[in-house]
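Here is a small set of exercises to work through with the model open beside you. Try each task before you read its solution.

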Amino acid sequence: MSFLRLFLFVLLLEGLLFEAKAQAIKQYNVNDFGAIPDGHTDNSKAFVNAFKGACQYHGHSRVVVPRGTYLVKLAEFNGPCRGPIDFFLTGNVKAAPGPREGGYWFRFGYIDRLTVSGKGTFDGQGQTAWSSNECSKNPNCKGLPISIRFDYVSNSVVSGINSLNSKYFHINVLGCTNLRFQNIRIIAPAESPNTDGIHIGQSKNVRIFDSFIGTGDDCVSIGPESTDIEVSGVHCGPGHGISIGSLGKYTGEKDVSGINVHDCVLDRTDNGLRIKTWASDIKSRLYNVTFRDIILKNTYNSIMIDQQYCPAGGCDTSKASSIQIQDVQYKGIRGTSISPDVEIFRCSRKYPCNNIVLKDIDISYNGKNGPARTRCSFLNGRSFGVQNPKACV
Ligand SMILES: *[C@@H]1O[C@H](CO)[C@@H](O)[C@H](O)[C@H]1NC(C)=O
């Protein structure tokens, strides 16, 4: 056999093997479990049963949601499963209209090697529920259901999907390890309350790549006990920017570290790059944070550390935050601000911010209330390169 023939033979074999592998994914079509894509029938049972079947399969399995509009009131997908499992969404899943207290709509829990993909949409029908959200008045409010929860999911990928008009947060990540989001779209109107894009807590090695997030609250927020989090290639806006926090609200909160936000665009966001902590006795640390190569387009409060965070008012202003913030770098932050307060560092009087580094900051303000300002308290650090406005460290 000539080398060429051998080569072609090997290629053919590999092709066949690849094919066999692809075919080995066992499909569980929700329609085969009784789902009806008429937009009215509740398909919760069919979805959960399809998932249960797939989860029990000894090998790679896939729950398939074909084209069509599927009403799903509540779907809880719990592992552990016997092999890698996919949730492949081509159609639209639609939540039941109207408010419901707390909880969630879709939940993926205790699953290893999950892939959520397809070009379909999770439509939370939030527009039918936002008016009953009282969280801006009542700090102890229960909230409305989160659209998609990932609880204790590991080694997994979410790609291609759309999340539209969540009733409360779009996506919540809790207790996850090695979870990647890429090429997803999250959309809700600027004025929709608490429709945070992706909230991450108690998780490590979570990455968000190349995604569009336009919503009514934080595009991405990173809560207590999160480490090794990367946000890159995210277009955020409208929304409240990219936030770390809030921290210092609940006792027992653990440190946050290793946060890397880079190559993102913030477009008309209220707040840009923000760190927020409550003024409380709850003690922890936030350290090793980098914000790099960020483009701002008409943002409010472009760079902000707020250690007196108190969105609903009524906080004891004599208190200081007990969260120690240190080793935070801002590098290559450029663009335009819509408020004259471009940099706000309101650090804790009890635990001043340490080693905050500013390098090449160029943010212009063109409005009537200029010139652009920086406001700093209890801030220690260094600045070098371009500093527009003039840095206070
Ligand atoms: C800081 O965080 C990055 C991840 O963003 C990590 O790779 C690096 O090892 C951390 N550095 C230190 C000194 O902990």
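## Exercises on cysteines, ligand and fold

C315 has a relative accessibility of 34%, so C315 counts as partly exposed (buried means under 20% relative accessible area, exposed over 50%, partly exposed in between, with a 1.4 Å probe and protein chains only). Keep that cysteine in mind for the second exercise. Before starting, note that this is a predicted model in which local features need pLDDT of at least 70 and side-chain atom pairs count only at pLDDT 80 or more, while totals for chains, interfaces and linings use all residues. Residues are numbered from 1 along each chain as its sequence is written, and side-chain values use heavy atoms, with hydrogens and water left out.

### Exercise 1: the pairing pattern

Task: find how many disulfides the whole structure holds, and work out the pairing of the bonded cysteines in sequence order.

Solution. Begin with the chemistry: a disulfide is a covalent bond between the sulfur atoms of two cysteines. The criterion applied here is a pair of cysteine sulfur atoms within 2.5 Å. Searching the whole structure with it gives six disulfides. Next, number the bonded cysteines of the protein chain in sequence order; the pairing reads 1-2, 3-4, 5-6, 7-8, 9-10, 11-12.

### Exercise 2: three disulfides

Task: for C219 with C236, C310 with C315, and C347 with C353, decide whether the disulfide is right-handed or left-handed.

Solution. Take C219 and C236, whose sulfur atoms are 2.2 Å apart. This pair links distant parts of the chain, 17 residues apart: C219 sits in the loop between β18 (204-214) and β19 (220-222), and C236 in strand β20 (residues 227-236). Strands here are DSSP runs of E with at least two residues, helices are runs of H or I with at least four, and both are numbered from the N terminus. The torsion about the S-S bond of C219 and C236 is about 80 degrees, so this disulfide is right-handed. Both C219 and C236 are buried.

Move on to C310 and C315, with 1.9 Å between their sulfur atoms. Their S-S torsion is about 95 degrees, so the disulfide is right-handed. C310 is partly exposed because its relative accessibility is 24%.

Finish with C347 and C353, whose sulfur atoms are 2.0 Å apart. The torsion about their S-S bond is about -100 degrees, so this disulfide is left-handed. C347 counts as buried because its relative accessibility is 5%, and C353 is buried with a relative accessible area of 0%.

### Exercise 3: cysteines without a bond

Task: explain why the sulfur of C176 and the sulfur of C264 are too far from the closest cysteine sulfur for a bond.

Solution. For C176, the closest cysteine sulfur belongs to C81 and is 14 Å away, which is too far for a bond. C176 counts as buried, at 1% relative accessibility. For C264, the closest cysteine sulfur is in C236, at 8.3 Å, again too far for a bond. C264 is buried as well, with a relative accessible area of 2%.

### Exercise 4: the ligand

Task: list the residues that surround the ligand.

Solution. The search takes residues with a heavy atom within 4 Å of the molecule, and it returns G258, N260 and N288. Now look at atom pairs. A backbone N or O atom of G258 is 3.5 Å from a ligand oxygen atom, and a polar side-chain atom of N288 is 2.4 Å from an oxygen atom of the ligand. Taken alone, the ligand exposes 360 Å², and the protein buries 35% of that. Accessible areas come from the Shrake-Rupley method with a 1.4 Å probe; for residues, only the protein chains shown count as cover.

### Exercise 5: the whole chain

Task: compare the radius of gyration of the protein chain with that of a compact globule.

Solution. The radius is taken over C-alpha atoms, and the globule rule is 2.2 Å times the number of residues to the power 0.38. For 393 residues a compact globule would have a radius near 21 Å, and the chain's 23 Å agrees with this. The C-alpha trace spans about 70 × 65 × 40 Å along its principal axes. The chain has two helices and 30 strands, and 52% of its 393 residues count as buried.

Conventions: A polar contact is a pair of N or O atoms within 3.5 Å; within protein, one must be able to donate a hydrogen and the other to accept it, and residues adjacent in sequence count only if both atoms are side-chain atoms.
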